Amino acid sequence: MRAIMVAGNWKMNGLNADAEHLTQAIIDAGLVPASPEVVLFPPFTLLTTVQQVAKGGSLRWGGQNLFWEAHGAYTGEISGAMLRDTGCRYVLVGHSERRQIFQESDEIVLRKVKAALHSGLVPMVCIGETEQEYLEGRTQEVLRRQVEAILPALGSAGQQANLILAYEPVWAIGTGKTASPAQAQEVHAFVRSLIAAKSPDIARKILILYGGSVKASNAKALFAEPDIDGGLVGGASLQAAEFIQICQAAHAVIRGL
Ligand code: PGA
């Protein structure tokens, strides 16, 4: 049985007071330490605030990005070691906003995945097709390319999966249009089959989260699908009550309710 994870991607939103309030509200809801694993991805400037509030508990947090070099003259960049220094366990890599707005290629994504692993972080690698690719029926082709690009960094059989995947159809991000549970399940099963081609063992263990307009009203149906291991939540993770309800939906699925 794989775990279920709920992750909140705050993107470029929030100030210290917001981070303190949101993190405390999630802890107060009493969902953690019970599974699901809940992970917050605040902007870099809020990491120490989240760390201060969440330290010692079972809530986890991570960075939204990292650079592939360890240190040096790279103005504006941040390394895996710096993220670890603020208590991060995870880091997002290859979010579609980074791929599209900041031209991050599959090669860059692989370099960042390797850098994250090297620093002891667990990369959460985002993959997904654009609306145009979806309409042209190219979803599988795009996902195959994105997944195969990171396979060299995947752990070997017998080990725990060293990374997490998040399937986020770009047409569903921030649009309110969610993939139906059946539609998402079909894609997740396909992504898992791509991993299985390299390692059936890792394919069974790896978490594949769904992202794209996840909210309290659709979370349970999505998470109940056999190959959907939780969600990467953007907009709805900025409102404590909504995010807590999504975590509760995951909890209900775990308990078979
Ligand atoms: P959304 O964003 O939930 O606002 O659609 C998801 C994401 O980009 O990770």
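How many disulfides does the count come to here? Keep that one in mind, everyone, and we'll work it out together. One word before we start: what you see above is a predicted model.

So, the answer: the count comes to zero disulfides. As a reminder, a disulfide is a covalent bond joining the sulfur atoms of two cysteines. For a pair to be counted, the two sulfurs have to lie within 2.5 Å. Now look at C88. Its closest cysteine sulfur belongs to C126 and is 15 Å away, so the gap is too far for a bond. Turn to C126 and you get the matching picture: C126 is in no disulfide, with the sulfur of C88 as its nearest cysteine sulfur. Where do these two cysteines sit, buried or exposed? C88 has 1% relative accessibility, so C88 counts as buried. C126, at 2%, counts as buried too.

Let's move over to the ligand. There are 13 residues around it, and those that come nearest are K11, H95, E168, G174 and S213. Sorted by character, this shell has four nonpolar residues, seven polar ones and two charged ones.

Which atoms meet the ligand's oxygens? On K11, a polar side-chain atom is 2.7 Å from a ligand oxygen. On E168, an N or O atom of the side chain lies 2.6 Å from an oxygen of the ligand. With G234 it is the backbone that takes part: one of its N or O atoms sits 2.8 Å from a ligand oxygen. As for cover, the ligand on its own has 290 Å² of accessible area, and the protein covers 95% of that.

That's my tour, so thanks for listening!

Key: Residues are numbered from 1 along each chain as its sequence is written. This is a predicted model: local features need pLDDT of at least 70, side-chain atom pairs count only at pLDDT 80 or more; totals for chains, interfaces and linings use all residues. Side-chain values use heavy atoms; hydrogens and water are left out. A residue is near a molecule or strand if one of its heavy atoms lies within 4 Å of it. A polar contact is a pair of N or O atoms within 3.5 Å; within protein, one must be able to donate a hydrogen and the other to accept it, and residues adjacent in sequence count only if both atoms are side-chain atoms. Accessible areas come from the Shrake-Rupley method with a 1.4 Å probe; for residues, only the protein chains shown count as cover. Ala, Val, Leu, Ile, Met, Phe, Trp, Tyr, Cys and Pro count as nonpolar, Asp, Glu, Lys and Arg as charged, and the others, Gly among them, as polar. Buried means under 20% relative accessible area, exposed over 50%, partly exposed in between (1.4 Å probe, protein chains only).
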